[in-house]
Amino acid sequence: MNRNHPIRRLGALALTAAAALTFATACTGGDDDAPAGNAAQAAAGGPEPKTIEGARAAAQTVFDRFAGGDFAGAWDMYTAAGKAAISKDDYVKLNQACSRKGLAIQLTSARMDGTDKAIVIAKQLVAAQSYTMVYENNAWKLEPAKEGLALYKLGAAKAIAAQKKAGTCAGQ
């Protein structure tokens with residue numbers, strides 16, 4: 001199979017989306033006045049509701065930021081563990097180099113898993129992926145997957161090289 005084979009590209013897209021989002025993302029309070037759900041409420045100073053609706057709204061905000069290329073804003077919505085694994089600058093560099101921007105990511109379902117955790121399913125093109133949202137410091141945050149954390153700990157340059165070597169860097 002060559003590097004441009006459609007199945008390889010789909011696999012790369014799925015891995016990139018999973019890596020980027022699951023590694024994936026609190027609200028930065030930018031100029032966006034569109035309803036960002038409960039994430040906007042938290043940015044305005046109040047705690048987000050500890051409900052499935054709050055988790056869904058925060059997750060969709062993360063996905064919208066990521067798909068729109070606002071990687072710094074997506075990083076702001078990571079758990080403390082996610083932020084500790086990679087600096088904001090490295091996260092932005094990694095995703096500018098290897099992520100596919102502009103492809104909408106739609107939340108398809110969600111469920112609570114205890115009182116402080118929600119599992120959400122998001123779809124980009126034909127690939128679906130589950131993500132974990134954690135209620136941390138009065139807000140829903142995206143908890144990066146173990147694979148994402150491992151990639152992040154490499155730093156931007158090594159993570160980009162690893163994704164290129166694996167054929168999962170969209171920018172190659």
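Modeller: Helices (H or I, at least four residues) and strands (E, at least two) are DSSP runs, numbered from the N terminus. On that rule the protein chain has 8 helices and 4 strands. Along the sequence they follow the pattern α-α-α-α-α-α-β-β-β-β-α-α.

Colleague: What sort of model is this, and what pLDDT do local features need?

Modeller: The model is predicted: local features need pLDDT of at least 70, side-chain atom pairs count only at pLDDT 80 or more, and totals for chains, interfaces and linings use all residues. Residues are numbered from 1 along each chain as its sequence is written, and side-chain values use heavy atoms, with hydrogens and water left out.

Colleague: What makes β1 an edge strand?

Modeller: Start with the pairing rule: two strands pair if DSSP finds at least two bridges between them. β1 (106-112) and β2 (residues 117-124) are joined by 6 bridges and run antiparallel. Set against the rule of at least two, 6 bridges make them a pair. Within that pair, Q106 stands opposite K123 in β2. The 4 strands form an open antiparallel sheet in the order β1-β2-β3-β4. β1 and β4 (139-143) each pair on one side only, and these are the edge strands. The twist averages 30° from one strand to the next.

Colleague: Which helix lies across β1, β2, β3 and β4, and at what angle to β1?

Modeller: Helix α3 (residues 52-67) lies across β1, β2, β3 (127-136) and β4, at about 145° to β1. Axes are lines fitted to C-alpha atoms, for helices over the stretch in contact (heavy atoms within 4.5 Å). Angles run from 0 to 180 degrees between N-to-C directions.

Colleague: Why is T79 called buried?

Modeller: Buried means under 20% relative accessible area, exposed over 50%, partly exposed in between (1.4 Å probe, protein chains only). T79 has 3%, which is under 20%, so T79 is buried. T79 is found in the loop between α4 (71-76) and α5 (80-85). The C-alpha atoms of T79 and A139 are 9.7 Å apart, with the two positions 60 residues apart along the chain. Of the 172 residues of the chain, 45% count as buried.

Colleague: What makes a nonpolar core, and which members of the largest one touch the most others?

Modeller: A nonpolar core is a set of buried Ala, Val, Leu, Ile, Met, Phe, Trp, Tyr and Cys residues joined through side-chain atoms within 4.5 Å. The largest has 34 residues; F63, Y91, L94, V120, M133, W140 and Y152 touch the most other members. α3 gives the largest share, 7 residues.

Colleague: Why is the pair F63 and Y131 called tilted?

Modeller: Rings of Phe, Tyr and Trp (its six-membered ring) pair if their centres lie within 6.5 Å; planes under 30 degrees apart count as stacked, over 60 as edge-to-face and the rest as tilted. The F63 and Y131 centres are 5.2 Å apart, within 6.5 Å, so the rings pair. Their planes stand at 55°, neither under 30 nor over 60, so the pair is tilted. F63 lies in helix α3 and Y131 in strand β3, so the pair ties together parts 68 residues apart in sequence. Both residues, F63 and Y131, are buried.

Colleague: What about Y78 and Y91: what are the distance and the angle between the planes?

Modeller: They are 5.1 Å centre to centre, with 70° between the planes. Since 70° is over 60, the pair is edge-to-face. Y78 sits in the loop between α4 and α5, and Y91 in helix α6, 13 residues apart. Both Y78 and Y91 are buried. Ring pairs link Y78, Y91 and Y152 into a cluster.
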